[in-house]
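Open the structure in your viewer and keep the selection panel at hand. This tour goes from stop to stop, saying what to select and what is there.

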Amino acid sequence: MSCRMSFSKSEMSGISKILSHHSSSIASALDQISFFMVYPWATVLSKIIAYYFIPDLNSFDWWSNVKEKFLFGPLLCIFFLGLFPVGVAGFLLWIFICSAFPRKKYSYLELGTKGNKQSEETKEVFTLACANVLLANEVFCRWNNNGNPMARSKLIGQKLLQQTPYYLQNLLLPQLCKKDTVIADLPDVDILCVQEVWERYWAATMIDQLGLKYSYFIHDVGDHRLTSNCCLFGSGLFVACKYPILAVEFQPFQFRTHYAKFFSYGVLCLKIQINKERIAYVANLHGQAYQGKEPVLYHQLSESLSAINAFRLKTRLPEENVIFDAVCGDFNFDNMSPGDAATQNHPLFNQYIDACSKKPGEDHHWTVGTELRQLRMHEPIVSTAEALRHVLIDDVKRRQYVLDADVVEQTTALASIDPSTNEDGKVVRESWGGKRRIDRILLRKDSPAQVVGYGFSSVLAGLTDHIPVAVSLKVTTD
């Protein structure tokens with residue numbers, strides 16, 4: 001689906017380049033036809049399942065529940081039955097398209113140039129941010145207690161643009177503490193890596209908002225084949241960038257288990273042109289959640305490292321100056337939990353630095369967790385950015401709202417687990433308390449850049465169950 005459909009006329013005039021999945025105009029036309037046949041039917045089905053089988057944990061209004069089950073639900077069932085033949089035919093057409101036509105694994109969109117270029121030649125500090133937003137159908141959102149995606153989508157885009165005109169410099173402070181690293185907004189972000197933008201519609205909504213600041217977008221990323229993901233769900237990976245993107249490659253993970261076999265989890269590799277002489281490499285990945293007893297994440301990290309190194313080798317020219325190389329994403333494991341010991345010592349960390357990690361198994365004291373307790377994320381005490389920031393700073397209160405880094409095995413119980421208590425039944429401060437940090441930004445060790453700032457932002461309070469992170473990199477010119 002072309003993202004043109006969500007833009008106003010003024011925004012449309014600024015679009016300079018769109019690269020869709022298909023080089024064939026016939027395939028592109030069929031792709032859009034199949035999408036418009038399937039999307040209404042699938043959306044209605046998702047709402048029916050959500051209304052009748054997944055309780056809305058955020059709603060305490062009995063009348064809302066009555067309307068869902070006895071008014072909206074029956075009407076949706078009628079629409080679903082009426083759209084059933086069209087939806088099934090559209091999905092069969094989609095399978096045919098994926099099987100019969102060559103298909104890129106991503107879409108690229110270039111808008112008109114934003115801002116001015118006067119300081120690019122001498123710019124020394126660049127900021128990257130990473131955010132998991134869970135924009136999906138109603139079933140996935142409600143299952144994760146994240147609320148209506150329609151209501152959240154525009155708000156998320158707007159909140160991600162709540163940026164100061166400055167970059168982070170807190171790691172240069174002599175005595176750093178959580179008050180310095182937990183922030184209520186975002187710094188001035190040059191490259192934004194997002195996970196779980198699952199559907200084309202939400203990607204278009206995000207671009208509609210973020211297009212006010214960013215000019216280059218990679219979206220709708222996935223390897224859609226019957227043998228890969230049964231032609232169902234993509235990767236959810238999304239990138240917004242101020243600078244031109246010179247090369248792109250998406251590598252889906254081969255090692256996936258259970259529900260992930262229907263998704264296109266993987267790593268997205270980008271080569272970015274900062275200016276004529278300088279380039280940067282950025283990877284965006286999403287590891288499988290709830291791996292259970294199998295070492296899924298270890299295998300996926302190995303696949304990511306191989307893909308990243310191969311991409312660098314294939315795309316880097318001898319005369320190019322690589323000023324930084326970063327890996328962003330929702331890794332779905334932390335640096336402290338005993339159940340994540342294998343991934344904490346993965347060879348990836350021989351090549352990339354995690355600025356928040358003191359050593360495998362121990363984070364710096366100024367870090368906080370990034371995975372919120374889903375059942376409590378909508379409580380008034382954490383409903384605003386400032387309120388959530390105060391909770392994240394407090395070592396005891398944070399445990400009530402952020403998962404502890406004491407995970408032994410990753411199961412779905414993490415979605416509803418309460419913090420452990422002491423002998424008196426009280427939640428107390430622990431070194432690992434509220435510190436399950438699964439969202440990360442890593443920097444390559446041989447990069448001519450220094451991490452000068454790191455931030456955990458509460459800007460998406462109440463809109464998603466992840467805390468966005470941001471890192472500022474200062475390029476040295478030795």
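**Stop 1: Gln 400**

Select Gln 400, which counts as partly exposed because its relative accessibility is 25%. Keep in mind that this is a predicted model. Colour residues 397–401 next: this is helix α12, and Gln 400 sits in it. Now add Asn 145 and draw a C-alpha to C-alpha distance. Gln 400 and Asn 145 lie 16 Å apart in space, with their positions 255 residues apart in sequence.

**Stop 2: the largest pocket**

Show the pockets. The largest pocket holds about 780 Å³ of space. Which residues lie nearest its centre? Select Val 38, Ala 42, Glu 199, Leu 232 and Phe 233; these are the ones, out of 31 lining residues.

Colour by element next. Helices α2 (25–53), α3 and α4 (138–143) each bring at least two residues to the lining of the largest pocket. The most come from α2, which supplies eleven. Then colour the lining of the largest pocket by class: 18 residues are nonpolar, nine polar and four charged.

**Stop 3: the second largest pocket**

Move to the second largest pocket, with a volume of about 500 Å³. Its lining has 22 residues, and those closest to the centre are Trp 143, Asn 144, Tyr 259, Tyr 265 and Tyr 290. Two elements give two or more residues to the lining of the second largest pocket: β3 (125–135) and α4. Select α4 for the top contribution to this lining, three residues. By class, the lining of the second largest pocket counts eleven nonpolar, seven polar and four charged residues.

**Stop 4: a patch on the surface**

Switch to a surface view. Select Leu 71, Phe 72, Leu 75, Ile 78 and Phe 79. Together they make a nonpolar surface patch with about 500 Å² of accessible area.

Now pick Phe 72 alone. It belongs to helix α3, which spans residues 62–100. Is Phe 72 buried or exposed? Neither label applies: Phe 72 counts as partly exposed, because its relative accessibility is 36%.

**Stop 5: the largest cavity**

Hide the surface and look inside. The whole structure has two cavities of 30 Å³ or more. The largest cavity has a volume of about 50 Å³.

Select its lining: Phe 253, Leu 285, Gly 287, Leu 297, Gln 300, Leu 301, Ser 304, Phe 331 and Phe 333. Which helix gives the largest share of this lining? Colour residues 296–315: helix α8 provides four residues of the lining. Six of the residues lining the largest cavity are nonpolar and three are polar, with no charged residue.

**Stop 6: the second largest cavity**

The last stop is the second largest cavity, at about 40 Å³. Select Cys 269, Leu 270, Tyr 281, Val 282, Ala 283, Ile 308, Phe 311 and Asp 325 to see its lining. Strands β9 (266–273) and β10 (278–286), along with α8, each give at least two residues to the lining of the second largest cavity. The top contributor is β10, with three residues.

Finish by colouring this lining by class. The lining of the second largest cavity has seven nonpolar residues, no polar ones and one charged residue.

Technical notes:
Residues numbered from 1 in each chain as written. Predicted model: local features only at pLDDT ≥ 70, side-chain atom pairs only at ≥ 80, totals over all residues. Heavy atoms only, no water. 1 Å grid on protein atoms, 1.4 Å probe; cavity = no way out; pocket = protein on both sides within 12 Å on 5 of 7 lines; lining within 4 Å. Points joined across faces, edges and corners; volume = space filled by probe spheres on them. Nonpolar A, V, L, I, M, F, W, Y, C, P; charged D, E, K, R; others polar. Patch = residues over 30% accessible without salt bridge, like charges linked within 9 Å, V, L, I, M, F, W, Y side chains within 5 Å. Areas by Shrake-Rupley, 256 points an atom, 1.4 Å probe, with all protein chains shown as cover. Salt bridge = Lys/Arg side-chain N within 4 Å of Asp/Glu carboxyl O. Buried < 20%, exposed > 50% of the residue type's maximum accessible area, 1.4 Å probe, protein only.
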